[in-house]
Amino acid sequence: IETSTDLADVLQKGEPMTVERATDIAVQICRALTAAHGLGVVHRDMKPENIFLLKSNDGREVVKIVDFGIAQMKDSAGENTRKLTRTGMIFGTPEYMSPEQASGKPIDHRVDVYATGVILYEMFAGRVPFEGDSFMGVLTQHMFEAPPAITDLNPNASVTPEFTAVIFKALAKDPNQRYASMADFSEDLIRVRKGARPAAP
């Protein structure tokens, strides 16, 4: 590996994000989280600061996810194994927090699907869908307000309608309306990159 930076730095610099680069980063995020979820680990605090982009000697961009500090562990019966993660307690970064996480409801791996959707949205819009002056003000928007259209925030966004459909499916308020897994999310991203229509409605 030659150099590294985090995705937050890339976004802060305002570098234009192509669909190809965003897809490549997102697919790698999906694959890493698929592995974590397979081990019963839910990250719960996915955000650009926790996504490192490593540049290999051959020029490839390799994604590394860090900071599983508030990750939720489940035992073989699916029960939380840490009292820290009990229902009703809110942990995470508000701008990337799913509605169920924001309201203190029981959560599962689909909170990571939602947060990854927020990150993808930010790559094209130049900002997260919901901003506010207070922690609760942002959480309330996640729970009750529809995200603005990406092109309303960034008219020059290179995002296609098909790619937008994928992002907004990941951002569904109801976790049952989101992608059921990071693998499903990844498959739709790859499908769109190849020019096909996404499975997302």
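Is the crossing of α4 and α8 left-handed or right-handed? In this predicted model, the crossing of α4 and α8 is right-handed. The axes of α4 and helix α8 (residues 182–193) come within 10 Å of each other. They cross at roughly 30°. Angles under 35 degrees count as roughly parallel, which makes α4 roughly parallel to α8.

Residues from both helices make this contact. Helix α4 contributes D112, V113, T116, G117 and L120. Helix α8 contributes M182, F185 and L189. By class, the contact has 5 nonpolar, 2 polar and 1 charged residues.

Helix α4 (110–125) also takes part in covering helix α5. Helix α5 spans residues 135–144. Within α5, the residues V138, L139, Q141, H142 and M143 are buried. What covers these buried residues includes α3 (99–102) as well as α4.

Salt bridges were then examined. Side chains of opposite charge can pair when their charged atoms come close. A search of the whole structure finds 7 salt bridges. Three are described here, among them one that involves helix α3.

In that salt bridge, R178 pairs with E100. The closest N and O atoms are 2.8 Å apart. R178 lies in the loop between α7 (161–170) and α8, whereas E100 lies in helix α3. The pair therefore ties together parts that are 78 residues apart in sequence. Both R178 and E100 are buried.

Another salt bridge lies within helix α8, where both R191 and D188 are found. Their side chains meet at 2.3 Å, N to O. The two residues are 3 residues apart, about one turn of the helix. An α-helix has 3.6 residues a turn, so residues three or four places apart point the same way. The exposure of each partner was computed. D188 has a relative accessible area of 0% and is therefore buried. R191 has a relative accessible area of 29%, so R191 is partly exposed.

A further salt bridge joins the side chains of D58 and R60. The N to O distance in this pair is 3.3 Å. D58 has a relative accessible area of 56%. This value is over 50%, so D58 counts as exposed.

Terms used
Residues numbered from 1 in each chain as written. Predicted model: local features only at pLDDT ≥ 70, side-chain atom pairs only at ≥ 80, totals over all residues. Heavy atoms only, no water. Buried < 20%, exposed > 50% of the residue type's maximum accessible area, 1.4 Å probe, protein only. Helix = DSSP H or I, 4+ residues; strand = E, 2+ residues; numbered from the N terminus. Contact = heavy atoms within 4.5 Å. Axes fitted to C-alpha atoms, helices over the stretch in contact; angles between N-to-C directions. Parallel < 35°, antiparallel > 145°, perpendicular 65-115°, else oblique. Left-handed = near helix turned anticlockwise from the far one by under 90°. Nonpolar A, V, L, I, M, F, W, Y, C, P; charged D, E, K, R; others polar. Salt bridge = Lys/Arg side-chain N within 4 Å of Asp/Glu carboxyl O.
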